[in-house]
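Welcome, and please open the structure in your viewer. We will walk through it one selection at a time.

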Amino acid sequence: MNELRADAERNRDRILAAARRLYATEGLTVSMASVAREAGVGKATLSRRFATRDELVTAVFADRMDAYAAAVGQALTDPDPWHGFTGYLEAVCAMQAADRGFADVLAMTFPAAKALEARRTEAYNGYVELVARAKATGRLRADFSPEDLVILLMANAGVVAATGDDAPSTWRRLVGHMLRAYGTPEADLPPLPAAPTPTALYRAMLHSGRRGT
């Protein structure tokens, strides 16, 4: 019995490791069958451990969603709410850039994944408070909406997917421009990150076009 339990745990670990690898490089479009092949287990074994994609996504990204929620808490402790707001946006977009799968998670919702969505809601509530504090400083535009973060995350997920390894810092340029759109004339802003080189961007466009065919 102990050996069976240990074997089941090893299978679960292999599945999670395989899913992390595939999600990180290919995003959440990876099929459950591909995860099973990468893990070296059968589809039935995968289904016994994770009956649905939402269950697998929850297990793979639970720690990252915890870090996402923690980033809001850290931003709220900043004595300068505007600095906390800009730092939070940069931190979250950096999380997306580091893992294509997590980029997709932040730009999507998983109604059946209760634990994952609970952490997302917790993070969002803290973020709404952060927005209110940043507006009170006069440096975040009064017409900024909390939903603008969702738009930014969707846009950043697209940039991360399109630029890949060819122009990996492009997302920083996007965030720099968006912070300038969000801030009032009184807002202090870090220097705008450099644009990708024409060659790097061309390579990214080529590879993005091939992935779409």
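The tour starts with the whole chain and then moves to single residues.

**Stop 1: the whole chain**

Begin with everything shown as a cartoon, and keep in mind that this is a predicted model. You should find ten helices and zero strands, so the pattern read along the sequence is simply α-α-α-α-α-α-α-α-α-α. Turn the C-alpha trace around: along its principal axes the chain spans about 65 × 40 × 25 Å.

Now colour by confidence. The average pLDDT of the chain is 89, and 95% of the residues score at least 70. Among the elements, α9 has the highest mean pLDDT, 96, while α6 has the lowest, 80.

**Stop 2: the surface**

Switch on the surface. The chain exposes about 11100 Å², and carbon and sulfur atoms supply 58% of that area. Next, colour the charged side chains: there are 26 positive and 25 negative ones, and the centres of the two sets lie 6 Å apart.

**Stop 3: the core**

Hide the surface again to look inside. Of the 213 residues in the chain, 39% count as buried. In soluble globular proteins, nonpolar side chains tend to be buried together. Here the largest nonpolar core has 55 residues; select Y23, L56, Y68, F85, Y88, L89 and V105 to see those with the most contacts inside it. Helices that each supply at least two residues of this core include α1 (2–26), α5 (81–98) and α7 (114–136). Which helix gives the largest share of this core? That is α4, with eleven residues.

Stay with V105 for a moment. Leaving out residues up to four places away in sequence, V105 touches L28, V57, F61, M65, F110, L116 and R120. For the wider picture, take the contacts between residues at least 6 apart in sequence: 69% of them join residues at least 24 apart.

**Stop 4: I15**

Select I15, which is found in helix α1. Is I15 buried or exposed? I15 counts as buried because its relative accessibility is 0%, and the cut-off for buried is under 20%. Show its surroundings: beyond its neighbours within four places in sequence, I15 is in contact with V35, A39, V41, T45, L46, R49, F50 and L56. Then draw a distance from I15 to E90; these residues are 75 apart along the chain, and their C-alpha atoms are separated by 31 Å.

**Stop 5: L46**

One of the contacts of I15 is L46, so select that next. L46 sits in helix α3, which covers residues 43–49, and at 3% relative accessibility L46 is buried as well. Apart from residues up to four places away in sequence, L46 touches I15, M32, A36 and V41. Draw another distance, this time from L46 to V35: the two are eleven residues apart in sequence and 8.4 Å apart in space, C-alpha to C-alpha.

**Stop 6: D99**

Finish at D99, in the loop between α5 and α6. How much relative accessible area does D99 have? The value is 6%, so D99 is buried. Show the side chains around D99: setting aside residues up to four places away in sequence, D99 touches Y23, A24, F61 and R64. Two of these names have come up before: Y23 is listed among the core residues with the most contacts, and F61 is touched by V105.

Conventions: Residues are numbered from 1 along each chain as its sequence is written. Side-chain values use heavy atoms; hydrogens and water are left out. Helices (H or I, at least four residues) and strands (E, at least two) are DSSP runs, numbered from the N terminus. Buried means under 20% relative accessible area, exposed over 50%, partly exposed in between (1.4 Å probe, protein chains only). Contact means heavy atoms within 4.5 Å. Accessible areas come from the Shrake-Rupley method with a 1.4 Å probe; for residues, only the protein chains shown count as cover. Lys and Arg count as positive and Asp and Glu as negative; His and the chain ends are not counted. The place of a charge is taken as NZ of Lys, CZ of Arg, CG of Asp or CD of Glu. A nonpolar core is a set of buried Ala, Val, Leu, Ile, Met, Phe, Trp, Tyr and Cys residues joined through side-chain atoms within 4.5 Å. pLDDT is the predictor's confidence in each residue, from 0 to 100.
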